[in-house]
Amino acid sequence: MTQTEVPIDVELRGLYKAHYRFQFLSAGFQLGLFALVEKEPGLAVREIAARLDLKEQPTRILLLGCTVFGLLRKDGEGYHTTPLSKPLTANFDEAPASNIPWEQHGIYRAMAWFCESLKEDTNLGLRREIPGTAPTLYGRLAENPELETTFHTMMSSVSRLVGAELREKLDLSGCGHLLDIGGGTAINAANLADRWPDLRITIADLPSVATAANEKIGKLGLADRVRAVSLDAFHDEFPTGCDGVLFAHFLEIWSSERIRELLAKAARALPPGGRIYVVTPRQDDDGTGPERAAMLSAYFHTIASGEGMVYTGAEYEQWFRAVGFEHTGRLPLGADTVVITGRKA
Ligand SMILES: C[S@@+](CC[C@H](N)C(=O)[O-])C[C@H]1O[C@@H](n2cnc3c(N)ncnc32)[C@H](O)[C@@H]1O
């Protein structure tokens, strides 16, 4: 073992005790501990307990863990934020902070059903832990409005992370009207409409999301060029009249059979020469990573749909060909996202 290597038992412990790390992080964040200590550096246990309205012993437990895991630094009797906790002291609707409420309330308990979900080949995590009857997360979110808001806050912040690169790299100069399937609350549409002033965009999403998207589009003053329509991508044909189709963070939710079905619908809706753009997390073609591909795949299988995973670029290119798109490129976005582009032959 070299000096820089982590001993195996320590590395393993990091894996089998990971839930403690997350709960210290989540409790500290939810209770406003990091924001408090950032605002008033050097507070001691008793002062923190009073400010957070906690008893003293629970406060000591919280501070002990946050210090152990590098979220706080203790200097004398006083506590201070660290580079790890500073990003969690403001901008709560932006990543990384926006991830914590979603991981806590949407994912944490449900992921305990991962192994059973693999065995049963379905999303038992959703079925057992998220109230409602819809078979996919997105239907069930409509049954849980507070969780739906938490999800879309997180999702928009994730899409914003690659938003600047997307607007810079995605050439929509030949596109007059883009259909954004599963476009959510208009985060990509607003970004692309701003970059391409002549572009019209139709967002198609489930009813509660389309309503929220139209509210946002109105507030942004984009209603003359961007609108959201209610559409179930599996049960409805896609509207015609567009010359580009965007699937952003959408196809990977579904099985390969359903992806081919969705791509075939896109091909039917587009004229010859029409463009297809798939924004998706990346899995390396050799199946060795990256880490985010593994985590998201587990999430799609256990919670979101019970059938999706992060696929490789090679798989998308093969599916493109099968439904009549020629593959035109792969644009990397950030560390682990890619845009796969194609044209209807
Ligand atoms: C992971 S989010 C992606 C949102 C957005 N495209 C982005 O990149 O930020 C997936 C979106 O697909 C929508 N969705 C799920 N099932 C759908 C369906 N059957 N038809 C249309 N939209 C659906 C969800 O409501 C959600 O807005």
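This text walks through the ligand site and then the second largest pocket. The model is a predicted one.

Start at the ligand. Its shell holds 21 residues. The closest are Ser159, Gly182, Asp205, Ala233 and Ala248. Three of these five make polar contacts with named atom types. Ser159 uses its side chain: a polar atom there lies 2.6 Å from an oxygen atom of the ligand. Ala233 and Ala248 use the backbone instead. A backbone N or O atom of Ala233 sits 2.9 Å from a ligand nitrogen atom. For Ala248, a backbone N or O atom is 2.8 Å from a nitrogen atom of the ligand. On its own, the ligand has 590 Å² of accessible area, and the protein covers 96% of that.

Now look at what builds the shell. By class, 12 of its residues are nonpolar, 7 are polar and 2 are charged. Two helices, α10 and α12 (187-195), each supply at least two residues. The largest share, 3 residues, comes from α10.

Follow α10 to the second largest pocket. This helix spans 145-161. It gives the most to the pocket lining, with 7 residues. The other element that gives two or more residues is α13 (207-219). In total, 15 residues line the pocket. Nearest its centre lie Thr149, His152, Thr153, Thr185 and Ala212. The volume of the pocket is about 350 Å³. Its lining divides into 3 nonpolar, 6 polar and 6 charged residues.

So what links the two sites? Helix α10 gives the largest share of the ligand shell, and α10 also gives the most to the lining of the second largest pocket.

Note on methods
Residues are numbered from 1 along each chain as its sequence is written. This is a predicted model: local features need pLDDT of at least 70, side-chain atom pairs count only at pLDDT 80 or more; totals for chains, interfaces and linings use all residues. Side-chain values use heavy atoms; hydrogens and water are left out. On a 1 Å grid over the protein atoms alone, a cavity is a set of points where a 1.4 Å probe fits but cannot get out, and a pocket is an open set with protein on both sides within 12 Å along at least five of seven lines; lining residues have an atom within 4 Å of a point. Grid points are joined across faces, edges and corners, and a volume is the space filled by probe spheres set on the points. Helices (H or I, at least four residues) and strands (E, at least two) are DSSP runs, numbered from the N terminus. Ala, Val, Leu, Ile, Met, Phe, Trp, Tyr, Cys and Pro count as nonpolar, Asp, Glu, Lys and Arg as charged, and the others, Gly among them, as polar. A residue is near a molecule or strand if one of its heavy atoms lies within 4 Å of it. A polar contact is a pair of N or O atoms within 3.5 Å; within protein, one must be able to donate a hydrogen and the other to accept it, and residues adjacent in sequence count only if both atoms are side-chain atoms. Accessible areas come from the Shrake-Rupley method with a 1.4 Å probe; for residues, only the protein chains shown count as cover.
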